[in-house]
Amino acid sequence: MKLANKLVKKWQTIGKIAGKLLLLYASTSKLAMERGLHERDRVGVQDFVLLEDFENEEAFIDNLRKRFQENIIYTYIGPVLISVNPYKNLDIYSENHIKEYRNKHFFEIPPHIFAITDNAFRSLIEENQGQCVLISGESGSGKTEASKKVLEYIAACSGHQTTVEGVKDKLLKSNPVLEAFGNAKTNRNENSSRFGKYMDVQFDFTGTPIGGNILNYLLEKSRVVSQNSGERNFHIFYQLLAGESDDKLQSLNLTRNLNNYVYLSDGQRGSVSNINDAENFRTVKQAMTIIDFSADEQNEIFSIIASVLHLGNINFTEDGGNSKVLEVDTVASASKLLGVNTDELTAALTNRTIDARGDVVTSPLSRDMAIYARDALAKAVYDRLFSWLVTRLNISLQAKDLHGARNNVMGILDIYGFEIFQKNNFEQFCINFCNEKLQQLFIELTLKSEQDEYRREGIEWVPVEYFDNKVICNLIEEKFKGIISILDEECLRPGDATDITFLEKLTHQLSDHPHYICHEKSSTQIQKTMGRNEFRLVHYAGEVTYNVNGFLDKNNDLLFRDLKETMSKASNSIVRICFPELEYKSKKRPETAVTQFKSSLNNLMDILMCKEPSYIRCIKPNDLQSPGAFNNDLVLHQVKYLGLMENLRVRRAGFAYRRTYEMFLNRYKCLSKSTWPNYNGSAKSGVKILVKELNYGPEDYRIGETKLFIRFPKTLFDTEDAFQLKKHDIAAILQAHWRGRVQRKKYVKLRQQVIVLQSYCRRHLAQQAIKRKREAVEKVRAFIKGFITRNDPPNGYNEAFIANCKRMWLLRLSKELPTKVLDKSWPSAPKHCQEASTYLHRLQRLHLARVYRLKLSAERKRQMELKVLAEKVFKDKKNNYPGSIGQLFQNDRIPKEHATQINNFVATAFGSERLAYSSTCVKYDRHGYKSRDRFVLLSTKALYVLDGKTYKQKHRLPLDKIDFVLTNHSDDLMVIRIPLDLKKDKGDLILVIPYIIEFSTYIIDTVGTANIISIVSRDSLEHNVVKGKSGVIDIQTGAQPGIVRDKSGHLVVIAGQ
Ligand SMILES: Nc1ncnc2c1ncn2[C@@H]1O[C@H](COP(=O)(O)OP(=O)(O)O)[C@@H](O)[C@H]1O
Ligand SMILES: [Mg+2]
């Protein structure tokens, strides 16, 4: 959760930054808008809605002209774009321009075809609303160019994945192919579309084009066989001859000379200086490859084109009413290219078979009829090839995956414009009918529906007068009464129906119609301007006079059964597909051309009605295709018939923008706290709150029944701006929540994983623990068994027990080992370890002793040696020995005051001898046992006895001559036995030495043997006196140790107890 909070914060800050960036962006785009306003002042108004004198036609034209002269060809009437053909290339379609118009508000930047496309494109993506761009205008006013710009823009705007590139390429490349086969040079337009085209581009939900579909309408096929003076056949013929290789041309039996072909030489000006046919041919071939046309398909296509040229060159003679082919070779060439039998084709061109209720009758054709049949074939072949091309293109453009693309369709309608020629034929009739229908659609979707809507929504409204051309549409297409019905009737009627009988019927039935003018019933003035075989229609765009010549033929569109049959057997597969067997075998009459056209138009209207339209109204500034020329009258005429003035009037009176409350609330509810995130009341009341909070002025909007109406684009523009800013905040919040969720999901998953892992670990640990416990129990049990049977013969348990005992004892021992030499304690040992214990004890003691020894100083060592020596000699032999143990031995027991004298003596008397011990002592005379103080000094050689007062030497007794006697009692008596040869010393010496054990030890140490001292365990002791006499010393024990002379004359030594 903490993580999620962090993320929320992080995203909020990112959102804020994005918001600031957006503000920055908004301010820069406002700059662009201001620039646009500035330009507006300079060159008129960029939206006619801003025109002050908006009901004045002159002011209208003036504005258009001013802008046109400044090369500003685009102007709005609200959302409708007016485009004036500049007839020169302007630098306004570059990549940069595309970028500039990308995702900008419609009213923010100067009018442009990109702006209107972007607007439609965004509605498509954001609101999922199908769109159509309706481009209308006269021939040469720039419709086809406009449609290409629209396509280029949406291609440039969408993503750049490779798959998309393929689709976009195909969409864009379909144009050169269609134009090569369907466009031609006319006197008004060097690249005039001779067919109507409606193209659907399909998008996926991201706005990426995924496919397309093209509908084609009424190719002007008569152009294949004849053209007006100054005009050309379809481009592809010229392109093939100019651009194809010599080899290829030869294989098609063609030469480059245009004059060799009847179908091309009619128009006189075959080559046109500013059309590069060879170059265009390469472009077409390249485009065909991109659209996946196989080499075989391309071969077959160009074979058909070549065959049409050959067909045109077939001539006939007549012999007794029977036509005969003149150029057999040419027929052979054509049949070879079409893949049909030459004889069969020849026969089919010169004969007609009629199946009249089972009676099959073949009759030869006259020369005229043969020519008619030939031209009909050429037209049919070309026309059907064109339709096949469109079908084939559609297969290539088919979206691979239509999932979710149902609503995301943008249609582009580029259909032939209104045509008023000197001589108008069946084709012009159809084309102008089509334009009437489109105008009707325009009225339906804009003028009428707009006003109807105000009425429906209960908005106060002053109705605007406009011309509703419904009446003309009805004149043409009404069932049973309309021109089309009458024409069809004439075509189907048995008997001698001719164009003239058709005209008569028209006049008969329609002469009262305000939009129908006939020669017969008109004033002479009008009659002067009309032929007898003509009728005139007052179209919404002006009066057009039609010559009925050829109406029936063209409407019947008759192709003889023989030719159909021959074609159906062609080996050229395209030809075979175009002429199905079923067709010629069918007994049913095919629908007439105009009926087919009518139903395809109605179909188109249905398609367009369910989409949101964007209008581009193209205007031709002059008839000369010249840049810069602006013909006021010509433009005014177009402005009038396009209904632009009415359009503007309605626009001015109306509201720029409207949306259902639900849609408006849904989009902008985030702009008010009261409506965000959900508003509980009705959408209408929500919107009321919203507009109040958005500070809409009372004139800025109206509340309708189901919709909100906003008068000025700017109001909406501000709201949209605020929304765009807010959108980022909301996106940030959503993003944060979403990210939080994702993280939480991750966390929960991770946690679960951890828990699983943990449970595994725990199980493992628990298993181990139980194993350990079990082992412990086993151990305890074995231990107890071992304990119980510890004294039994080895049985495994007791062995382990004993081993453990030993181990434990050793462990205990290691911790309780005595650390002092004198510490003789020793931990008790179990039974089995007694031996080891004793052994170890000894080892330990040895070890401690050794350590002790090693640590001893020389002095201490000597002390020790002396002590050991003393122990050896005196332990258990002399009773006062234990009393000596506690005291350290010293070799100098002379009180301090005597030290100097003694030292002097030693220095003078000792010579090389070394003093080993010195002490005070008491000497008892041999006679009378009088006690006298003496010093005794032990040297390495002798024992010196000095006078206690004078320090004079009394005795020097060499150690090798004397020995010492001690008693075993606790006394300090020492008798020194002196041999007779040392008699000058007059018998044994009786001394009492204060540290008798110490002194004795030093003596033994000095002499090197204990034999020098004998310890007697007697109660009396004899000692020599001079001349063999002896005295007795008695030893007694008592509480008061001392020495006294008893009555018997014995010396009595009282030893301690
Ligand atoms: N926007 C434009 N910029 C430059 N030239 C244009 C533009 N629109 C049209 N033209 C010129 O006018 C000619 C006729 O335009 P086109 O679109 O074929 O007319 P339409 O389809 O209405 O008959 C083009 O061949 C081109 O030379
Ligand atoms: Mg065109």
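How many nonpolar, polar and charged residues does the shell around ligand 1 have? Select that shell and colour it by class: three residues are nonpolar, eight are polar and four are charged. As you follow along, please keep in mind that this is a predicted model.

**Stop 1: ligand 1**

Stay with the ligand and show the residues around it. There are 15 of them, and those that come nearest are Asn85, Gly140, Lys143, Thr144 and Glu145. Now show the side chain of Asn85, where a polar atom lies 2.8 Å from an oxygen atom of ligand 1. Move on to Tyr93, which has a polar side-chain atom 2.9 Å from a nitrogen atom of ligand 1. Then pick Asn189: one of its polar side-chain atoms is 2.9 Å from an oxygen atom of the ligand. Switch on a surface here if you like, since the protein covers 85% of the 550 Å² of accessible area that ligand 1 has on its own.

**Stop 2: Asn253 in its loop**

Select Asn253 next, and look for the loop between α9 (246-251) and α10 (262-265). Is Asn253 buried, exposed or partly exposed? Its relative accessible area is 41%, so Asn253 counts as partly exposed. Show its surroundings, and you will find that Asn253 touches Tyr261, His310 and Ser333, with residues up to four places away in sequence left out. For a distance to draw, try the C-alpha atoms of Asn253 and Ser307: they are 54 residues apart along the chain and separated by 9.3 Å.

**Stop 3: the β8 and β9 hairpin**

Select residues 316-319 for strand β8 and residues 322-325 for strand β9; the two pair in the antiparallel sense over four bridges. To see one pair across the hairpin, click on Glu318, which stands opposite Ser323 in β9. Two residues sit between the strands, and Gly320 in the turn has a positive phi of about 60 degrees.

**Stop 4: two helices**

Now select residues 644-653, helix α27. Why is this helix described as largely enclosed by the rest of the structure? Seven of the ten residues of α27 are buried, hence the description. To mark them, select Leu644, Met645, Glu646, Asn647, Leu648, Val650 and Arg651. As you look along the helix, a general point may help: an α-helix has 3.6 residues a turn, so residues three or four places apart point the same way.

From there, go to helix α30, which spans residues 713-788, and pick out Thr715. Thr715 has a relative accessibility of 11%, so it counts as buried. Beyond its neighbours within four places in sequence, Thr715 is in contact with Tyr696, Asp700 and Ile710.

**Stop 5: strand β22**

Select residues 931-939, strand β22, and highlight Arg934 within it. Is Arg934 buried or exposed? With a relative accessible area of 7%, Arg934 is buried. Which residues does Arg934 touch, not counting those up to four places away in sequence? They are Ser919, Thr920, Cys921, Lys923, Val945, Leu946, Asp947, Gly948 and Lys954.

Ser939 is in strand β22 too. Its relative accessibility is 0%, so Ser939 counts as buried. Outside the four places on either side in sequence, Ser939 is in contact with Phe910, Glu913, Arg914, Leu915, Ala916, Tyr944, Leu959 and Thr1006. Show the Ser939 side chain as well, because one of its polar atoms lies 2.9 Å from the backbone nitrogen of Lys941. Then zoom out and select Cys805: its C-alpha atom is separated from that of Ser939 by 60 Å, and the two residues are 134 apart along the chain.

**Stop 6: β32 and its two partners**

Finish with residues 1051-1055, strand β32, which is mostly covered, with four of its five residues buried. Which way do β30 and β32 run relative to one another, parallel or antiparallel? Strand β30 (residues 1030-1037) runs parallel to β32, joined by five bridges. Strand β31 (residues 1042-1045) is joined to β32 by four bridges, and this pair runs antiparallel.

Click on Leu1051 in β32 to see both partnerships: Leu1051 is the bridge partner of Ile1033, and also of Arg1045. Last of all, select Gly1049 in the hairpin of β31 and β32. Five residues lie between these strands, and Gly1049 takes a positive phi near 85 degrees.

How values were computed:
Residues numbered from 1 in each chain as written. Chains lettered and ligands numbered in written order. Predicted model: local features only at pLDDT ≥ 70, side-chain atom pairs only at ≥ 80, totals over all residues. Heavy atoms only, no water. Buried < 20%, exposed > 50% of the residue type's maximum accessible area, 1.4 Å probe, protein only. Contact = heavy atoms within 4.5 Å. Near = heavy atom within 4 Å. Polar contact = N/O pair within 3.5 Å; in protein donor to acceptor, adjacent residues only side chain to side chain. Areas by Shrake-Rupley, 256 points an atom, 1.4 Å probe, with all protein chains shown as cover. Nonpolar A, V, L, I, M, F, W, Y, C, P; charged D, E, K, R; others polar. Pairing = 2+ DSSP bridges.
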